[in-house]
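Me: I would like a close look at one part of this protein, set out carefully and with its surroundings. Please start from the whole chain and then work inwards to a single helix and its neighbours.

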Amino acid sequence: EFLKWESKVDEAWIIYKIVTWIQPYAYQGWLEHAKLEEEIGNFHKSGWILEAGLKFNKFNENLFLKMIKVMEQAKDFNRLWENLGKLKDIPIERNWKILLEGALFEGWIGNVNKAWMIMRFLMNKCQTYGPVFLEAAKFEERIGNFKSSFEISEEGLYNNEKFSPLWF
């Protein structure tokens, strides 16, 4: 971090390389290394670093969520879909945040029907997870479906009455 602040990117890169070599199962090293590349505009390289980190930290939520955002910026959609496809055999309780972020990604690139299909799946499987309903309601609001947004909020409150963000 200090080297990054001092704009010594080459030295920071070497240190991160050493950290990920010595401690490959510590996801933080991979995450920080990828952030360095992202900060200097190397989105593709950042994505590759995160994928390498996922080989040692399979299904790590932090690495996956960052990878989605980085690959969105790199417009590397095929690689992103390939990585998201690896989640199909993982229990939904362990990967719902990643799937939700994937749904939001689909909406961002214009696949509204696919985004909605994933969100509906999550709302059915994760009925007690308030953030799923909140993000689905926000998504509907962003695309101008205010009535649907309100209905989703009500549905979410039915199962999560104490999840205050749904009371908007």
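**From the whole chain to helix α4**

Reply: In this predicted model, residues that stand 24 or more positions apart account for 51% of the contacts in the protein with a separation of 6 or more. The protein has ten helices and zero strands, and the pattern read along the sequence is accordingly α-α-α-α-α-α-α-α-α-α. Its C-alpha atoms fill a box of roughly 55 × 30 × 30 Å, taken along the principal axes, and of the 168 residues 42% count as buried.

The part to look at closely is helix α4, which runs over residues 43–56. This helix has 14 residues and reaches 21 Å from its first C-alpha to its last, close to the 20 Å expected at 1.5 Å a residue. Within α4, the buried residues are S46, G47, I49, L50, E51, G53 and L54, and the partners against which the buried residues of α4 pack are α3 (27–39), α5 (61–74) and α6 (77–85).

One of these buried positions, S46 in helix α4, can be followed residue by residue. The relative accessible area of S46 is 0%, and S46 is therefore buried, the cut-off being under 20%. When its neighbours within four places in sequence are left aside, S46 is in contact with A34, E37, E38 and V70.

Among those contacts, E37 deserves a view from its own side. E37 lies in helix α3, and because its relative accessible area is 2%, E37 is buried as well. Not counting residues up to four places away in sequence, E37 touches W13, N42, K45, S46 and I49; of these, S46 and I49 are also listed among the buried residues of α4.

Beyond α4, the chain enters the loop between α4 and α5, which is the place of F59. F59 has a positive phi of about 60° although F59 is not a glycine, and at 25% relative accessibility this residue counts as partly exposed. A second case is K75, placed in the loop between α5 and α6, where phi is near 55°, again a positive value in a residue other than glycine. K75, however, counts as exposed, because its relative accessibility is 56% and the cut-off for that class is over 50%.

For another view of how helices meet in this protein, one can turn to α7 and α8. Two packed helices are described by the angle between their axes and the distance between the axes. The axes of helix α7 (residues 92–108) and helix α8 (residues 112–125) come within 8 Å and cross at roughly 155°. Angles over 145 degrees count as roughly antiparallel, and α7 and α8 are therefore roughly antiparallel to each other. The crossing in which α7 passes α8 is left-handed. On the α7 side the residues that meet α8 are I92, W96, L99, L100, A103, L104, E106 and G107, while α8 contributes V112, K114, A115, I118, M119, F121, L122 and K125. Sorted by class, this contact of α7 with α8 has twelve nonpolar, one polar and three charged residues.

To return to the helix in question, α4 has buried residues that pack against α3, α5 and α6, and S46, at 0% relative accessible area, is in contact with E37, a residue of helix α3.

Terms used:
Residues numbered from 1 in each chain as written. Predicted model: local features only at pLDDT ≥ 70, side-chain atom pairs only at ≥ 80, totals over all residues. Heavy atoms only, no water. Axes fitted to C-alpha atoms, helices over the stretch in contact; angles between N-to-C directions. Helix = DSSP H or I, 4+ residues; strand = E, 2+ residues; numbered from the N terminus. Parallel < 35°, antiparallel > 145°, perpendicular 65-115°, else oblique. Left-handed = near helix turned anticlockwise from the far one by under 90°. Contact = heavy atoms within 4.5 Å. Nonpolar A, V, L, I, M, F, W, Y, C, P; charged D, E, K, R; others polar. Expected span 1.5 Å × (residues − 1). Buried < 20%, exposed > 50% of the residue type's maximum accessible area, 1.4 Å probe, protein only.
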